[in-house]
Amino acid sequence: MAQITPAQQLFDLSGEVVLVTGASSGLGRRFARVLAAHGAKVVAAARRVDRLAELAGEQEGIAPLALDVTAPEGFSAALEEAERHFGPLTLLVNNAGIASGKRILDTAEEEWAAVQRTNVEAVWHLSRAFAGRLIARQSPGAIINIASLVAEKVGVSSAAYAVSKAAVLHMTKAQALEWARHGIRVNAICPGFIASEMTDGYLSSPAGQDMISRIPQRRAGDPSDLDGVILLLASSRASGFMTGAALRVDGGHALA
Ligand SMILES: NC(=O)c1ccc[n+]([C@@H]2O[C@H](COP(=O)([O-])OP(=O)(O)OC[C@H]3O[C@@H](n4cnc5c(N)ncnc54)[C@H](OP(=O)(O)O)[C@@H]3O)[C@@H](O)[C@H]2O)c1
């Protein structure tokens, strides 16, 4: 029988080199901090580099990287630049995303396109570039895609966003299936409503408060509510046999 690994070792990420997109705020910033606190080296990417520099100054093991995820032509160079900080990447967290809170007939073409470019096409292109590098050097690794509760449960006024996150969920399964033979695990996190720049305005509005009253746990999440799940999926010791999974973290919202 395999030995029992103490929790501290199970979630020790020493030796992992992670690229987190959308690390300038909200969930991504928290992911970068939690992963670094457990021994990983983290390249924190986003467009607002002033915020990334602040984050890197606050915590050891984090380096900033300017990256616009809607510009895939720059991904290859960005990955090379990322690897100049801490060496070859082993984990990609596709977290960057934008929301859209309009009904279908009110969603302008450009808004639809921007949501799909940021939330779907970026995950497609960056994952391909990342996995291609790992496969070329025959190294194992992992990808964590940040989907959403609405990938499975649609609501009024979030169609463009919900469709994009459903695509991320399906992409997670397709990537997991194709890249398992190369030792690359691909999993998704489906958060419910979590306080962040993306959601703060809505959550504090009367409509948001009404929605919160219908979440079984009667609260929105905090980015720290995802600490356990990001560590689980990042650690090949803890989740080495998991791939193609989607973990919902929503206070029971999907059940209501
Ligand atoms: N908060 C929630 O309730 C919730 C629920 C489910 C899923 N999610 C998902 O979780 C992820 C993070 O959301 P959040 O709540 O933390 O929102 P947030 O605070 O608004 O953060 C979004 C992040 O994405 C980055 N980003 C946006 N467009 C980008 C672009 N073109 N290139 C590079 N980076 C870009 C932003 O950085 P810059 O602006 O500096 O580039 C920022 O760091 C998103 O994928 C979101 O859909 C959030």
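What covers the buried residues of H6? In this predicted model, the cover includes helix H5 (109-136) and strand S5 (141-146). Strand S6 (184-191) and strand S7 (246-249) are also included in it. Helix H6 itself runs over residues 159-179. At 1.5 Å a residue, its 21 residues should span 30 Å. The end C-alpha atoms are 30 Å apart, which agrees. The buried residues of H6 include Ala160, Tyr161, Ala162, Ser164 and Lys165. Val168, Leu169, Met171 and Thr172 are buried as well. Towards the end of the list come Gln175, Ala176 and Trp179, also buried. An α-helix has 3.6 residues a turn, so residues three or four places apart point the same way.

The nonpolar interior was examined next. In soluble globular proteins, nonpolar side chains tend to be buried together. Here the largest nonpolar core has 31 residues. Leu35, Val42, Val93 and Ile144 have the most contacts inside it. Elements giving two or more residues to this core include strand S1 (17-21), helix H2 (26-37) and strand S2 (41-46). H3, strand S4 (91-94), S5 and helix H9 (227-234) do so too. The largest share, six residues, comes from H2. Apart from this core lies another, of 24 residues. Leu19, Val69, Ala176 and Ile184 are among its members.

Ile144 shows how parts of the chain come together. Neighbours within four places in sequence are left aside here. Ile144 is then in contact with Leu91, Leu92, Val93 and Asn94. Its other contacts are Asn187, Ile189, Ile230, Leu233 and Ala234.

Charged side chains were considered next. Side chains of opposite charge can pair when their charged atoms come close. A search of the whole structure finds 13 salt bridges. One of them joins the side chains of Arg51 and Glu197, at 2.6 Å from N to O. Arg51 lies in helix H3 (residues 49-58), and Glu197 lies in the loop between S6 and helix H7 (200-204), so the pair ties together parts that are 146 residues apart in sequence. Both ends of this bridge are partly exposed: Arg51 has a relative accessible area of 28%, and Glu197 has 47%.

Other pairs were also found. The side chains of Glu111 and Lys102 meet in a salt bridge of 2.6 Å, N to O. Lys102 is partly exposed, at 33% relative accessibility. Arg214 and Asp210 form a salt bridge through their side chains, with N to O at 3.1 Å. Asp210 is partly exposed, at 41%. Glu80, Glu83, Arg133 and Arg137 are linked in a network of salt bridges.

Empty space was then mapped. Rolling a probe the size of a water molecule over the atoms shows where empty space is left. The count comes to two cavities of 30 Å³ or more. The largest cavity holds about 50 Å³ of space. Its lining includes Thr21, Val69, Asn94, Asn95 and Ala96. Thr118, Ala122, Val123 and Leu126 also line this cavity. H5 gives the most to the lining, with four residues.

The largest pocket holds about 1,400 Å³ of space. Its lining has 49 residues. Ile98, Ala99, Tyr161, Met198 and Thr199 lie nearest the centre of the pocket. The elements that give two or more residues to the lining are H2, S2 and H6. H2 gives the most, with three residues. Tyr161 thus appears twice in this account: it is a buried residue of H6, and it is among the residues nearest the centre of the largest pocket.

Definitions and conventions:
Residues numbered from 1 in each chain as written. Predicted model: local features only at pLDDT ≥ 70, side-chain atom pairs only at ≥ 80, totals over all residues. Heavy atoms only, no water. Expected span 1.5 Å × (residues − 1). Buried < 20%, exposed > 50% of the residue type's maximum accessible area, 1.4 Å probe, protein only. Contact = heavy atoms within 4.5 Å. Salt bridge = Lys/Arg side-chain N within 4 Å of Asp/Glu carboxyl O. Core = buried A, V, L, I, M, F, W, Y, C linked by side-chain atoms within 4.5 Å. 1 Å grid on protein atoms, 1.4 Å probe; cavity = no way out; pocket = protein on both sides within 12 Å on 5 of 7 lines; lining within 4 Å. Points joined across faces, edges and corners; volume = space filled by probe spheres on them.
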